[in-house]
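This briefing introduces one protein structure to a reader who is new to the subject. Please look through the sequence and the model before reading the points that follow.

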Amino acid sequence: WQDNFTTAPDNSRPKVEKTYPTTGTATVATNARFVAIFNKAIDETTLDVQKSTTAGSLRVTETGGAAYTKTGTAKGTAFDIQTASNGATILILPGGHVFPPAPATQITPTSFAAGSWTVKLTTAIKDATSTGNTMASDEIVTFTTTAADTAAPIYSSAVINVPSPGTSQTSMAASASAITSSQTVDASPSSIEVTLAEDIMP
């Protein structure tokens, strides 16, 4: 048995598919984390966080020159990396919030002081392929920080699914303003599945 095939290098360019915060957001907490989700795996050795407008592959600047101390190329110090289920890279610049799922080793939080911030992810960032493809263009995200967010998240709604013998499953929405994670529902002998939605920002 013989099978002939031809291989070709991956020449697709990496790109930023989503960021938190999104550009133009004006109500970002000073202890929020900056998160960038790429479309593929990124070569971590090309990540260099700098408080600069001219140096580094990730340039973090603030109008007025506020201090930003988490700089450099060290994973776990200047940035955190997670891998999405499709193998793509999730980049996290430190703040006070945890982006789920939490990294095995949390980077020490810092603060985006109140002000107008710009994060530029430049074409110096390469993917993890053997060809080392670069981004086609810089990704620039601007946002404005306000006070730190110290409020605990609360449940905003719940959906209770109650399967009845011999009938189709029905659903009803219920207010969950008074429900806490420690409460339980005694539904014996019926089975009740509760899905709770939280107002949580990464």
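A residue is called buried when its relative accessible area is under 20%, exposed when it is over 50%, and partly exposed in between, computed with a 1.4 Å probe on protein chains only. The model is predicted: local features need pLDDT of at least 70, side-chain atom pairs count only at pLDDT 80 or more, and totals for chains, interfaces and linings use all residues. Residues are numbered from 1 along each chain as its sequence is written, and side-chain values use heavy atoms, with hydrogens and water left out.

**Overall make-up**

- The protein chain contains zero helices and 12 strands, where helices (H or I, at least four residues) and strands (E, at least two) are DSSP runs numbered from the N terminus.
- Read from the N terminus, the elements follow the order β-β-β-β-β-β-β-β-β-β-β-β.
- The protein chain has 202 residues, of which 35% count as buried.
- The exposed area of the protein chain is about 11600 Å², and carbon and sulfur atoms supply 52% of it; accessible areas come from the Shrake-Rupley method with a 1.4 Å probe, and for residues only the protein chains shown count as cover.
- A contact means heavy atoms within 4.5 Å. Among contacts between residues at least 6 apart in sequence, 64% join residues at least 24 apart.

**The five-stranded sheet**

- Five strands form an open sheet in the order β2-β9-β8-β5-β4, and the pairing is mixed; two strands pair if DSSP finds at least two bridges between them.
- The edge strands, each pairing on one side only, are β2 (25-28) and β4 (49-50).
- At one edge, β2 and β9 pair in the parallel sense over two bridges, and Val28 has Thr145 in β9 as its bridge partner.
- Seven bridges join β8 and β9 in the antiparallel sense, with Ser116 partnered by Thr144 in β9.
- At the other edge, β4 pairs in the parallel sense with β5 (residues 58-62) over two bridges, and Gln50 stands opposite Arg59 in β5.

**The aromatic pair and the nonpolar core**

- How many aromatic pairs does a search of the whole structure find? The search finds one; rings of Phe, Tyr and Trp (its six-membered ring) pair if their centres lie within 6.5 Å, with planes under 30 degrees apart counted as stacked, over 60 as edge-to-face and the rest as tilted.
- The ring centres of Phe34 and Phe143 are 6.3 Å apart and the planes stand at 20°, so this pair is stacked.
- Phe34 in strand β3 (residues 34-38) and Phe143 in strand β9 (residues 139-145) are 109 residues apart, so the pair links distant parts of the chain.
- Phe34 is buried, with a relative accessible area of 0%, and Phe143 also counts as buried, at 3% relative accessibility.
- A nonpolar core is a set of buried Ala, Val, Leu, Ile, Met, Phe, Trp, Tyr and Cys residues joined through side-chain atoms within 4.5 Å. The largest one has 30 residues, of which Phe34, Phe38, Leu91, Leu93 and Leu121 touch the most other members.
- The elements giving two or more residues to this core are β1 (16-20), β3, β5, β7 (89-93), β8 (115-121) and β9.
- Not counting residues up to four places away in sequence, Leu93 touches several residues, among them Phe34, Val49, Val60, Tyr68 and Val119.

**Salt bridges**

- Side chains of opposite charge can pair when their charged atoms come close. A salt bridge is a side-chain nitrogen of Lys or Arg within 4 Å of a carboxyl oxygen of Asp or Glu, and a search of the whole structure finds four.
- Lys40 and Asp10 form a salt bridge at 3.0 Å, N to O. This pair links distant parts of the chain, 30 residues apart: Lys40 lies in the loop between β3 and β4, and Asp10 in the segment before β1.
- Lys40 counts as buried at 11% relative accessibility, whereas Asp10 is partly exposed at 33%.
- Asp80 and Arg33 meet in a salt bridge at 3.7 Å, N to O. Asp80 lies in strand β6 (residues 80-83) and Arg33 in the loop between β2 and β3, so the pair ties together parts that are 47 residues apart in sequence.
- Both Asp80 and Arg33 are buried.
- The side chains of Glu44 and Lys75 also meet in a salt bridge, at 3.7 Å, N to O. Glu44 is in the loop between β3 and β4 and Lys75 in the loop between β5 and β6, so the pair ties together parts 31 residues apart in sequence.
- Glu44 counts as partly exposed at 32% relative accessibility, as does Lys75 at 48%.
- Salt bridges that share partners join Asp10, Lys40 and Asp127 into one network.
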